[in-house]
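Please open the structure in a viewer and keep the selection panel at hand. The stops below proceed from the contact between the chains to a sheet within one of them.

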Number of protein chains: 2
Amino acid sequence: MAVELKDLTKADDNYSQWYNELVVKAGLAENSAVRGCMVIKPYGYAIWEKMQAALDKMFKDTGHQNAYFPLFIPKSFFSREASHVEGFAKECAVVTHYRLKNDPEGNGVVVDPAARLEEELIVRPTSETIIWNTYKNWIQSYRDLPILCNQWANVVRWEMRTRLFLRTAEFLWQEGHTAHATREEAIEEAEKMIRVYQDFAENWMGVPVVVGHKSPNERFAGAEDTLTIEALMQDGKALQSGTSHFLGQNFAKAFDVQYVNKEGKLEYVWATSWGVSTRLMGALIMAHSDNNGLVLPPKLAPIQVVMVPIYKGEEQLQVMAERMNAIADELKAKGVSVKVDLRDNVRSGFKFAEYELKGVPVRLALGPRDMENGTIELARRDTLTKEVVPQEGLTERIVALLDEIQQNIFKKALDYRNSMITRVDTWEEFVEVLNTKGGFISAHWDGTPETEQAIKDATKATIRCIPIDAEPEEGKCIFTGKPSHCRVLFAKSY
Amino acid sequence: MAVELKDLTKADDNYSQWYNELVVKAGLAENSAVRGCMVIKPYGYAIWEKMQAALDKMFKDTGHQNAYFPLFIPKSFFSREASHVEGFAKECAVVTHYRLKNDPEGNGVVVDPAARLEEELIVRPTSETIIWNTYKNWIQSYRDLPILCNQWANVVRWEMRTRLFLRTAEFLWQEGHTAHATREEAIEEAEKMIRVYQDFAENWMGVPVVVGHKSPNERFAGAEDTLTIEALMQDGKALQSGTSHFLGQNFAKAFDVQYVNKEGKLEYVWATSWGVSTRLMGALIMAHSDNNGLVLPPKLAPIQVVMVPIYKGEEQLQVMAERMNAIADELKAKGVSVKVDLRDNVRSGFKFAEYELKGVPVRLALGPRDMENGTIELARRDTLTKEVVPQEGLTERIVALLDEIQQNIFKKALDYRNSMITRVDTWEEFVEVLNTKGGFISAHWDGTPETEQAIKDATKATIRCIPIDAEPEEGKCIFTGKPSHCRVLFAKSY
C-alpha cells in the first residue's frame, strides 16, 4: 500500500494526531474490529521481537527462567488481597459462559444459557493471584527459594479511552514474579530489575529514564513499594515505562505461602513483581521520531541499512543490483540487517520517503556516477544528513556509524530530557512551568497523598517519582508550605 | 522439591498414568486452579522456547513475518463462514461483561450487570475470522500479495476432558495465515509448511511423522484440504502433531477480501492457515521417554550435559569443582549447554536419577580416581550406557556424541514407527491388529465419510491421513468391500 507521507500531521501542529498517524502509516499497528484491541503489524512486531530478545537475555543473565501461567483467573482470587481487588478486578473482561449454540431464531449463534460457569473467570489483568496460588505448591522449605520466574503474555484491562501501544485493552508484556526468603533479598531483586529496565531503556531504546519510587497514590495495588522508570516524551509529557514492585508478604499471606526456614520455623515468603509492556513501543516512537516519521535506534531497527538504486533502464539496474547485493552480503556477514530495494514500480524518491517514515537508520543510494567512481551516497536518518563516501571500507564505516547513531539518538534525547527538568520553589512557578514549558518539575512536596491529589486536581500533574538517588534537601511543599525533606518529580503524563 | 522417581508408574503398567506423572515429576507442567488450564513450569517452558526458536527461524527463512492479532473475536464473526462456526464457535470461552463491582452483600466482587457487552466476545479458538477481517484492509491489489504472517499466541477451546499438553482448554501455539493471488500458490504454501513441520518434527524432535491429507471428516472447519503430520506414540496410538490448511476462497468470501489482479479485474483472495501447539510437547515426551523418565533429543534439551562430582569432603569437592568448571567452559565455548551440579545436600545417586528423569542427554561424573587418571565417566541417557573416557578430547567427543544421540533417538523412533505400520486387507485382520498390536493400519477405504464414521463407531479408529506419497493401488474397502484406489492410514489416536 502506498505510503502517504505528505499527509502526516506535523508534530508541532498536533502531537497526539501526529503520533496516531505515524503508528499507522509506518505500519506498526492499527485498531482492530474489537474495541480497544490493536493489531500489531509485522513491522511493529519486528521491533517488539527485538525488544523481547534483548530483555529476555537480560532476565536470563540475572538468573530468571520463563514459565507460563493461565490466561484466566477465578474471580474469587482477586478478593484475597484487599488493595489488589480495588486496583485490578474492576475494569476487566469477564468470562461467564463456555458454550455458544445455534440461535433458535436462525440468527447465527447465541450464548448457551445452560453453559454458565459456576464461578466467573477473569481474563488476567496481571497474574500475581494465580501465580501465588501456584507458588503455594512449589514452596515448602528455604531450599525452594528464591523462585525467579518471568512470563511473556497478553493481559487485558478494560480501558475506556485507548491509544495504540500506550493504552490498549489487550496488550503484550512480560511479568516477573519472584519469591524470596527475606525482605532484604526481595527489595534487592526489585531494585535490580528496575535497573535492568533502565539499562534496556537507555542502551537499547536510547530513551533516558529517571529511576524512582512511586508515591503511595501511584503505587501498584498490593505493593509496599513501586519503583518506576519515567521517560519524557517530546511534547513534555512523562511516560511511565516500566515498574518493579516490592510486594512484601501481601500475596504470600493472601495465598498462605509459607516456608520452613533454616531454623525450622514457618515464615511467609517475600515477593516482587515487575513488568514492561508494548507501551515501550509508544515510548520509543515518541522519544525520537520527527515530522518525517520514525527514528529508530539501530539496536532495535528491523532493517538497519536500506539500499536503493538510482538507475535508468533494466540493464543498469542489473549491474547495480549485483554491486548492491555484494555490499549487502558483506554487511550481513558483520551482523548488520540490510534490505536491498529493487522495486521497479515506485521511484527512488518514494522509497527514500518510505524508509524515512519507517525510521531505517542508514540509507545507501547507488547512482551511475557512484558506479563509475566507486562511491555511494550514505544518508543518516537521525541527523537527516547525507554524504558521498567510498565503497571501499564501507562495511567498517557502517558498523561504526550504527554505533554512533545509537549513541547520538540517546544523547539527543538525554539533552532534551535534562533541559526539561525544572526546579521550582513556588506554586506560581510550578503552574507556569507546567503550562508553558512542561517536562519534569522538581519540587518539594509535603509527603501526603492529600496534597498530591489536590495538586493533580488543580493541574493534572502527578508525582512521577521520588528519584531513587534524590539528595536529602530541606524545603517547603510548593502547595501547602509544609516541611519537605527532598524534591520529587512532577509532570503531566500519558 | 524432592524428585520421587521410585514412584513413577511404569509405562507398561499404565501408559496414561506414566505420562501424567512424568509430566509433573519432570517439572514440565501441572494442572492449575482453573479447570483445564495448565501451568507450564520453567523446565517445560525451556523446551517449548527451544521449539519456538527453531520453528520461528524456519518460518522466517521461508519468508514469513510475525504479527499479533486480538485475543477476542466478536461473536458474529464466527457466523460468517458456515462450516467454521460449526467447528469452532461452540465450546469456547465467552466474555459477556467488562466490569466487576463490590458485592452489595459484602462477599468480595460480583459481575456488574450494568457492564454487559453489546456483542459478546469469544476468546479466540483460532484466528482465521479476525485475521481475514483485518486482511480486508491490507489487500487491494495483486501487489499487496502474498501476505505471509504468523502469530505466536494463546488460544482457548473449552475441552471437556483435558490432559497436560495433549488437550488443554488454553494452549500456546503459532498460527500462520497467508493470503495469495492464486489457488496454485496457496496450495504450494500449505504443502511447503507441512514439510516445514515434518522437518522440525524429524530433525529437531526426533519424531518421525507421516505426511498426508485428512479425510473430509477430519478436515479443519472451513478448509478445502487439511494436510497433517501424524506421529506414533509408544503405546501404538497416533498423535496429530501439526496441520496445514488450504482454505480456498472461503474466508476471503466470508470477509469480502478481493484484490485487483494484473488485468485489472477483482478476484477473491486464496488462503492458507497452519499451526503447531504445545501439543508437540506431548509428542516429544511420548515418543522417546522410558520408565526412568524423559529422553530429550539434544537439540531441544535445555541442559545437554550435566556434570556431577563423586567426592568425599569439602576439600575434594573444591578441586573437582575447578576441574569440572574448566571442562564446562570448554563445552560452553562450543555452544553446548552445561550444568555443573555442586549441591551438597543430596547424594550423587539422587542427582543421577533426577537428571535421568529430566532427560538430560549426557551425564559426566567425576570421581577421585578420574582425577588421578585424567578420565571421566560418561553416561548416555538414550541408551543408558556408560563408559570411562579420557578428559583429553572430551569436548570434541561430546559435540560428536550429541549429534549421534540426536540421530539415534530419531532412528529408534523411526524403526519403531515403521514396525508399527501394518498392511491389512480384511476387516477381521483390521480389528485384530487394532486390538492387539495397535499402530498405523494401512488399508483400503471406499472414500466415503459414512464408512469412516462406521469404522470409528465400531473400533474407535479413525483415518489419520491419506499419505501424500501414497501409491495408487486398486483394492477393496475393508469395511464395505467397495472399490478403493489407494490405501489410507487408520489408527486409534490422542
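The model is predicted. Begin with A:H97, which stands opposite B:V94 in β5(B). Extend the selection to strand β5 of each chain, residues 91-102. The β5 strands of chain A and chain B pair in the antiparallel sense, over five bridges.

Next, select the whole contact between the chains, to which chain A and chain B each bring 55 residues. On the side of chain B that touches chain A, strand β5 of chain B gives the most, with ten residues. Colouring this side of chain B by class shows 34 nonpolar, twelve polar and nine charged residues.

Now move to chain A and display the open sheet of five strands, ordered β17-β16-β18-β19-β20, with mixed pairing. Which strands stand at the edges? They are β17 (338-340) and β20 (386-390) of chain A; each has a single partner strand, so one side of each is left without a neighbour in the sheet. On average, neighbouring strands of this sheet are turned by 25 degrees against each other, direction ignored.

Within this sheet, select β16 (residues 305-309) and β18 (residues 362-366) of chain A, which run parallel and are joined by five bridges. A:M307 has A:L364 in β18(A) as its bridge partner.

Finally, add two helices of chain A. Helix α10 (residues 348-357) packs on the sheet, where it touches β16 and β18 of chain A, and its direction makes about 170 degrees with that of β16(A). Helix α9 (residues 313-333) lies across β16, β17 and β18 of chain A and runs at about 165 degrees to β16(A).

Definitions and conventions. Residues are numbered from 1 along each chain as its sequence is written. Chains are lettered from A and ligands numbered from 1 in the order in which they are written. This is a predicted model: local features need pLDDT of at least 70, side-chain atom pairs count only at pLDDT 80 or more; totals for chains, interfaces and linings use all residues. Two residues are in contact if their C-beta atoms, placed from the backbone, lie within 7 Å. Helices (H or I, at least four residues) and strands (E, at least two) are DSSP runs, numbered from the N terminus. Ala, Val, Leu, Ile, Met, Phe, Trp, Tyr, Cys and Pro count as nonpolar, Asp, Glu, Lys and Arg as charged, and the others, Gly among them, as polar. Two strands pair if DSSP finds at least two bridges between them. Axes are lines fitted to C-alpha atoms, for helices over the stretch in contact, and angles run from 0 to 180 degrees between N-to-C directions.
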